[in-house]
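Dear colleague,

I am handing over the structure below, and I would be grateful if you could look through it with the notes that follow.

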Amino acid sequence: MAGSLIKINQTIASSNPSTLTVTGITSDYNVYMVEVVNLVPNASGRVEWRITKGGSIQSDSEYDNARQDMPTTAGFQDNENVNDDKVTNATVDASGSWNAKFYLFNFTSASEFSYGTFEHTAYVDTPQTFGGAGGFVHTVASASDGLSFHWGDSRTFNSGELHLYGLKK
């Protein structure tokens with residue numbers, strides 16, 4: 001298994017950007033992984049993401065997702081959205097961070113929907129630690145080439161890294 005993840009690209013936040021985007025998905029690999037490291041907002045904010053096609057962020061209302069969130073101070077939470085213009089997740093505390101792994105499928109297919117699974121951990125603004133897992137689909141049959149992250153309520157990134165890997169065939 002050693003050497004089966006091939007690093008393709010990375011993006012590291014600098015100068016408090018409003019979005020962090022990583023692209024580089026091609027037909028070289030069937031499955032891609034995006035590792036999200038230490039996303040921190042400038043003030044408490046909800047992390048959100050969209051896919052990119054040809055490097056352009058897709059903000060259409062074609063995102064469906066479902067996830068189970070697991071806060072440490074309450075019972076499990078089932079959450080879902082249909083026909084949204086983004087995928088949303090935890091409201092991260094400004095003194096915390098959001099970390100995740102995404103596995104991306106069908107991203108290079110022009111005739112199928114792009115979809116992915118994700119698992120995440122965070123320190124949220126309630127305050128508590130928080131984890132979860134889920135999946136999403138962009139219901140447009142066209143090729144996708146990356147993921148883009150932003151904060152709700154026009155927050156910016158104090159820090160964060162996105163690492164794109166191809167899973168060796």
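A residue is called buried here when its relative accessible area is under 20%, exposed when that value is over 50%, and partly exposed in between. Please bear in mind throughout that this is a predicted model. By that cut-off R50 is buried, because its relative accessible area is 15%, and this arginine is a convenient place from which to begin, since the charged side chains around it turned out to be connected.

The side chain of R50 meets that of D85 in a salt bridge, with an N to O distance of 3.8 Å. This pair links distant parts of the chain, for R50 lies in strand β4 (residues 45-53), whereas D85 lies in the loop between β7 (77-84) and β8 (87-92), and the two are 35 residues apart. In contrast to its buried partner, D85 counts as partly exposed, because its relative accessibility is 24%.

D85 also forms a salt bridge with K86, where the closest N and O atoms are 2.9 Å apart. K86 in turn meets the side chain of D84 in a further salt bridge, at 3.7 Å from N to O, and both K86 and D84 are buried; for K86 the relative accessible area is 17%, so this lysine falls under the cut-off. Through these shared partners, R50, D84, D85 and K86 are joined into one network of salt bridges. The count of salt bridges comes to 4 by the rule applied.

Turning to the chain as a whole, the model holds 13 strands and 0 helices, so that the order of elements from the N terminus is β-β-β-β-β-β-β-β-β-β-β-β-β. The radius of gyration is 15 Å, close to the 15 Å that the globule rule gives for 169 residues, and the chain is therefore as compact as a globular protein of that length. The C-alpha trace spans about 40 × 35 × 35 Å along its principal axes.

Of the 169 residues, 46% count as buried, and among the contacts between residues at least 6 apart in sequence, 74% join residues at least 24 apart. The accessible surface comes to about 7,700 Å², of which carbon and sulfur atoms account for 47%. As for charge, the chain carries 10 positive and 18 negative charges, and the mean positions of these two groups are 6 Å apart.

With kind regards

Technical notes. Residues numbered from 1 in each chain as written. Predicted model: local features only at pLDDT ≥ 70, side-chain atom pairs only at ≥ 80, totals over all residues. Heavy atoms only, no water. Helix = DSSP H or I, 4+ residues; strand = E, 2+ residues; numbered from the N terminus. Rg over C-alpha atoms; globule rule 2.2 N^0.38 Å. Buried < 20%, exposed > 50% of the residue type's maximum accessible area, 1.4 Å probe, protein only. Contact = heavy atoms within 4.5 Å. Areas by Shrake-Rupley, 256 points an atom, 1.4 Å probe, with all protein chains shown as cover. Lys, Arg positive; Asp, Glu negative; His and termini not counted. Charge placed at Lys NZ, Arg CZ, Asp CG, Glu CD.
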